[in-house]
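Let's take a walk through this fold together, strand by strand. Keep the viewer open and follow along as we go.

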Amino acid sequence: MQFKLCYETGYKVKVKMKDGTHIIGVVDTYKRITQDFHTHLDLCVEYQDTKGITSYMWVPDYRTTKV
């Protein structure tokens, strides 16, 4: 079974945080994770906080949507 890539670097995504808030950023890179015959992607999202500081965060692909 071939894994179909739905995210590429440079795409703008919205990340849903655990507290219900959202962060909008750009996919910088990704890595493929395979556990127990299940494959998902971890995305490295580049975003800016309220102070204008650029930060990076690894998030699973199921918490993101394309913008």
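**Following the strands**

Five bridges link β1 with β2, and the two strands run antiparallel. Keep in mind as you look around that this is a predicted model. For a concrete spot along this pairing, find Lys12: the residue standing opposite in β2 is Val26. The hairpin of β1 and β2 has five residues between the strands, and in this hairpin Gly20 adopts a positive phi near 100 degrees.

Stay with β1 for a moment, as its two faces are worth a look. Strand β1 spans residues 12-16, with Val13 and Val15 on the covered face. The uncovered face of β1 carries Lys12, Lys14 and Lys16.

Strand β1 also has a partnership with β5: three bridges join the two, again in the antiparallel sense. Here Val15 is the residue to pick out, with Thr64 of β5 opposite.

Now move over to β2, which covers residues 22-35, and its pairing with β3, residues 38-48. These two strands are antiparallel as well, and nine bridges hold the pairing. One place to see this is Lys31, whose bridge partner in β3 is Asp42.

With these pairings in view, how are the five strands ordered in the sheet? The order is β4-β3-β2-β1-β5, in an open sheet with antiparallel pairing. At the edges are β4 (54-60) and β5 (64-66), each of which pairs on one side only. From one strand to the next, the twist averages 40 degrees.

How values were computed
Residues are numbered from 1 along each chain as its sequence is written. This is a predicted model: local features need pLDDT of at least 70, side-chain atom pairs count only at pLDDT 80 or more; totals for chains, interfaces and linings use all residues. Side-chain values use heavy atoms; hydrogens and water are left out. Two strands pair if DSSP finds at least two bridges between them. Helices (H or I, at least four residues) and strands (E, at least two) are DSSP runs, numbered from the N terminus. Axes are lines fitted to C-alpha atoms, for helices over the stretch in contact, and angles run from 0 to 180 degrees between N-to-C directions. Buried means under 20% relative accessible area, exposed over 50%, partly exposed in between (1.4 Å probe, protein chains only).
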